[in-house]
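This report describes a protein chain through its cysteine chemistry, core, salt bridges and surface. The sequence and the coordinates are shown here for reference.

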Amino acid sequence: MKLNNKGWGTMEMMLLVGGLLIALLVAIFFISKLYGSFNNTIGSKNYFDLETKLESAAKEYIRDNDIQIDGEFRVSYETLKENNKIDNLYDQNNESCTGYVIITRVDNINNYQGYISCPNYISNNY
């Protein structure tokens with residue numbers, strides 16, 4: 001009986017799987033370099049949450065005090081804290097942060113943008 005030796009063998013399949021695995025690891029390395037380390041991603045989410053918390057407090061402050069926005073209005077973290085709209089802001093390292101919110105009125109809609117300053121992070125355009 002004569003065997004047909006023109007197909008895939010175990011050795012060829014193992015080489016192909018090994019090559020694909022190496023290519024996958026190289027791709028993961030470059031993607032993580034492109035988007036930053038995985039730990040930075042977790043930290044960035046924490047800072048984003050702090051900015052969102054600040055924006056929510058500013059919305060409540062504007063609503064409760066019936067402030068009419070015409071153009072641009074700035075509310076500081078200290079003002080929000082004095083009016084009991086927000087608690088202390090701490091980052092993931094348990095360090096105190098400060099910040100402010102800029103409210104702009106466009107097409108009769110208030111747009112809130114929070115900015116924070118922490119020892120290891122400062123929002124863009126702070």
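Cys97 is buried, with a relative accessibility of 3%; buried means under 20% relative accessible area, exposed over 50%, and partly exposed in between (1.4 Å probe, protein chains only). The model is a predicted one, in which local features need pLDDT of at least 70 and side-chain atom pairs count only at pLDDT 80 or more, while totals for chains, interfaces and linings use all residues. Residues are numbered from 1 along each chain as its sequence is written, and side-chain values use heavy atoms, with hydrogens and water left out.

**The disulfide**

Cys97 lies in the loop between H3 and S2; helices (H or I, at least four residues) and strands (E, at least two) are DSSP runs numbered from the N terminus. The sulfur of Cys97 is joined to that of Cys118 in a disulfide, with an S to S distance of 1.9 Å; the criterion is a pair of cysteine sulfur atoms within 2.5 Å. A disulfide is a covalent bond between the sulfur atoms of two cysteines. One disulfide is found in a search of the whole structure. The pair links distant parts of the chain, since Cys118 belongs to strand S3 and the two cysteines are 21 residues apart. The torsion about the S-S bond of Cys97 and Cys118 is about 115°, so this disulfide is right-handed. Cys118 also counts as buried, at 6% relative accessibility.

Beyond its neighbours within four places in sequence, Cys97 is in contact with Leu50, Tyr77, Leu89, Asp91, Ser117 and Cys118, where contact means heavy atoms within 4.5 Å. Tyr77 is 20 residues from Cys97 along the chain, and their C-alpha atoms are separated by 9.3 Å.

**Overall architecture and core**

The chain contains three helices and four strands, which run α-α-β-α-β-β-β from the N terminus on. Of its 126 residues, 25% count as buried. Among contacts between residues at least 6 apart in sequence, 53% join residues at least 24 apart.

The largest nonpolar core has 19 residues, of which Leu50, Leu54, Ile62, Leu80, Ile86, Leu89 and Ile103 touch the most other members. Such a core is a set of buried Ala, Val, Leu, Ile, Met, Phe, Trp, Tyr and Cys residues joined through side-chain atoms within 4.5 Å. The elements giving two or more residues to this core are helix H2 (38-64), helix H3 (77-82), strand S2 (98-106) and strand S3 (109-118). H2 supplies the largest share, seven residues.

Apart from its neighbours within four places in sequence, Ile103 is in contact with Ile62, Ile69, Gly71, Glu72, Phe73, Val75, Asn110, Asn111 and Tyr112. One of these partners, Gly71, is found in the loop between H2 and strand S1 (72-76). Gly71 is partly exposed, with a relative accessible area of 39%. With neighbours within four places in sequence again left aside, Gly71 is in contact with Ile103, Thr104 and Arg105. Gly71 and Val106 are 35 residues apart in sequence, yet 7.8 Å apart in space, C-alpha to C-alpha.

**Salt bridges**

How many salt bridges does the structure hold? There are three, each defined by a side-chain nitrogen of Lys or Arg within 4 Å of a carboxyl oxygen of Asp or Glu.

| Pair | Closest N to O distance |
|---|---|
| Glu60 and Lys85 | 3.7 Å |
| Arg63 and Asp64 | 3.7 Å |
| Lys85 and Asp64 | 2.5 Å |

Lys85 lies in the loop between H3 and S2 and Asp64 in helix H2, so their salt bridge ties together parts that are 21 residues apart in sequence. Salt bridges that share partners join Glu60, Arg63, Asp64 and Lys85 into one network. Within this network, Lys85 is buried at 19% relative accessible area, Glu60 is partly exposed at 30%, Asp64 is partly exposed at 41%, and Arg63 is exposed at 58%.

**Surface**

The chain exposes about 9600 Å², of which carbon and sulfur atoms supply 54%; accessible areas come from the Shrake-Rupley method with a 1.4 Å probe, and for residues only the protein chains shown count as cover. Trp8, Met13, Leu16, Val17 and Leu20 make a nonpolar surface patch of about 530 Å². Patches are made of residues with over 30% relative accessible area and no salt bridge, with like charges joined within 9 Å and nonpolar side chains (Val, Leu, Ile, Met, Phe, Trp, Tyr) within 5 Å. Leu16 is placed in helix H1 (residues 10-35) and is partly exposed, with a relative accessible area of 39%.
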